[in-house]
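Here are my notes on the model you asked me to look over. I've kept them in the order I would talk them through.

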Amino acid sequence: MTIEVRVPQLPESVADATLVSWHKKPGDSVVRDENLVDLETDKVVLEVPAPVAGVLKEIRLSDGTTVTSGQILAIIEEGAAAVPGASAPAILAASSGATAAAKDTVAKGAVAKDGAKPDAVKQDTAGGKQSPAAKRVAEENKVDPKTVAGSGRDGRVSKSDVVNYLTTKDAASPAPAAAAAAGVAAKAPAQFVPAPSARTARAEQRVPMTRLRARIAERMVQAQATQALLTSFNEVDLQAVNELRARYKDAFEKQYGVKLGFMSFFAKACVEALRKFPAVNASVDGNDIVYHEYFDIGVAVSTDRGLIVPVLRDADQLSFADIEKSIGNFAARARAGTITIEELTGGTFTITNGGVFGSLLSTPIVNSPQSAILGMHKIQDRPVVIDGQVVVRPMMYIALTYDHRIIDGREAVQFLVTVKQCLEDPARMVLHI
């Protein structure tokens with residue numbers, strides 16, 4: 001019995017997806033719920049599992065194809081067993097809409113059938129999962145994924161892994177030529193023969209944007225074009241937060257199973273400030289201002305594919321431990337590509353932390369249709385004057401970029417002052433003052 005593998009129902013906000021890579025080839029055995037293919041949307045990479053166990057009989061669509069909900073991707077022969085030595089073209093029935101890439105795959109399979117090594121037909125992700133960007137760079141530079149060591153979760157190969165591999169390879173490849181040149185120089189000392197470079201110094205690469213990168217670019221330009229963005233700054237003395245973390249870090253981790261970080265303090269401080277200044281938690285819809293009476297705070301997470309913003313729903317009702325657990329879970333699943341679209345949708349306010357990369361100061365861009373975003377930065381010991389004395393304190397610059405159409409400068413400045421007060425005196429967050 002043949003079973004159709006179809007594109008799953010995409011969320012309402014997602015019109016289509018791009019087929020990134022197949023993890024199986026025609027003739028391979030599959031087990032139920034095994035990932036067959038990755039589909040990339042504007043926000044996440046979706047995995048399409050096998051609905052039944054059997055043999056992948058036919059692949060209808062090739063890598064790079066744009067697909068929509070319900071479209072047939074492949075055919076599985078339920079309960080069948082893979083035939084040893086069977087080649088892809090022996091069972092691949094290309095559809096009338098097969099692309100040139102699919103035909104090329106068939107041609108390669110024919111060579112394998114005529115006696116070439118079976119490795120001539122292999123899946124793109126052999127040797128571990130690859131991010132879409134890593135796959136493109138590997139293909140363009142004719143790199144076998146098996147030779148690249150992945151640094152990501154479960155050995156996942158990132159773009160930086162491939163680039164580092166190419167850099168190492170290029171550095172090593174001139175050695176034989178240099179040795180030969182040295183031999184020539186020994187015979188003719190007056191002549192210098194430079195070692196040929198493996199890659200010209202002015203090489204270029206043209207790589208198409210991923211759907212996520214294209215969407216990020218679109219949203220950033222949209223925010224700049226449609227909102228009156230302005231940024232205000234302040235600085236925070238994190239001495240009190242550091243003392244609390246040092247005093248309770250062991251007990252906190254023992255009781256809740258998660259470390260007490262900085263993000264929970266900032267999220268709680270922002271909730272207190274949003275309560276006092278609801279315009280910062282609002283958004284513009286046409287000629288209306290929508291005041292949100294709930295606090296869904298987005299936390300920016302950097303991944304190999306780009307920046308994504310999972311949302312802490314009802315952050316005002318979460319404990320410090322709940323916030324730390326949620327953020328850790330979001331970050332791990334975002335980098336593994338398993339976070340859901342629903343978790344990235346919505347949000348009334350966003351926090352981004354450039355300090356983890358060493359940023360001392362920045363002007364973040366609002367995550368439209370939200371109206372404001374808080375930027376955290378690097379904590380740096382600096383001399384400050386307290387009660388007439390110069391002391392060294394752990395200081396951080398904070399920035400609030402906001403939509404000046406609905407948020408006045410007074411509200412933005414007082415919002416930052418409230419965040420500063422809550423962090424310098426955390427008891428305020430407990431007493432709500």
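The points below go from the whole chain to one sheet, then to charged side chains.

1. **Overall picture.** Keep in mind that this is a predicted model. The protein has 433 residues, and 41% of them count as buried. Its secondary structure comes to 11 helices and 19 strands. The exposed area is about 22700 Å², with carbon and sulfur atoms supplying 54% of that.

2. **Contacts along the chain.** If you take the contacts with a sequence separation of 6 or more, 64% of them are between residues 24 or more positions apart.

3. **A four-stranded sheet.** One sheet worth a look is open, has four strands in the order β1-β8-β6-β3, and pairs them antiparallel. Its edges are β1 (2-6) and β3 (29-30); each has a single partner strand, so one side of each lacks a neighbour in the sheet. As a reminder, strands of a sheet pair through backbone hydrogen bonds.

4. **The β6-β8 pairing.** Within that order, β6 sits next to β8. Strand β6 covers residues 54-59 and strand β8 residues 72-78, and five bridges join the two, running antiparallel. If you want a residue to start from, take Ile-59, whose bridge partner in β8 is Ala-74.

5. **Salt bridges, and one between two loops.** How many salt bridges are there? The count comes to 15. One of them pairs Lys-24 with Glu-34, with the closest N and O atoms 3.0 Å apart. Lys-24 belongs to the loop between β2 (17-22) and β3, while Glu-34 is in the loop between β3 and β4 (35-40), 10 residues apart. The two ends are covered as follows: Lys-24 is buried, at 17% relative accessible area, whereas Glu-34 is partly exposed at 24%.

6. **A bridge from α8 to a loop.** Next, Asp-316 and Arg-275 meet through their side chains in a salt bridge of 4.0 Å, N to O. Arg-275 is in helix α8 and Asp-316 in the loop between β15 (311-312) and α9 (320-336), so this pair ties together parts 41 residues apart in sequence. Asp-316 is partly exposed at 24% relative accessibility, and Arg-275 is also partly exposed, at 39%. The pair isn't on its own, either: Glu-272, Arg-275 and Asp-316 are linked in a network of salt bridges.

7. **Lys-268, the one I'd look at again.** Lys-268 is found in helix α8, which spans residues 263-276. Which side chain of opposite charge is nearest to Lys-268? That is Glu-272, at 6.8 Å; Lys-268 is buried yet has no salt bridge. Since a salt bridge here needs a nitrogen within 4 Å of a carboxyl oxygen, the 6.8 Å to Glu-272 falls outside the cut-off. Glu-272 does take part in the network with Arg-275 and Asp-316.

8. **What surrounds Lys-268.** Leaving out residues up to four places away in sequence, Lys-268 touches Ala-315, Asp-316, Leu-318, Ser-319, Phe-320, Ile-323 and Met-429. Asp-316 is therefore a contact of Lys-268 without being a salt-bridge partner of it.

9. **A bridge late in the numbering.** Finally, Arg-428 forms a salt bridge with Asp-425, and here the closest N and O atoms are 4.0 Å apart. Arg-428 is partly exposed at 25% relative accessibility. Asp-425 is partly exposed too, with a relative accessible area of 37%.

Technical notes:
Residues are numbered from 1 along each chain as its sequence is written. This is a predicted model: local features need pLDDT of at least 70, side-chain atom pairs count only at pLDDT 80 or more; totals for chains, interfaces and linings use all residues. Side-chain values use heavy atoms; hydrogens and water are left out. Buried means under 20% relative accessible area, exposed over 50%, partly exposed in between (1.4 Å probe, protein chains only). Lys and Arg count as positive and Asp and Glu as negative; His and the chain ends are not counted. Contact means heavy atoms within 4.5 Å. Two strands pair if DSSP finds at least two bridges between them. Accessible areas come from the Shrake-Rupley method with a 1.4 Å probe; for residues, only the protein chains shown count as cover.
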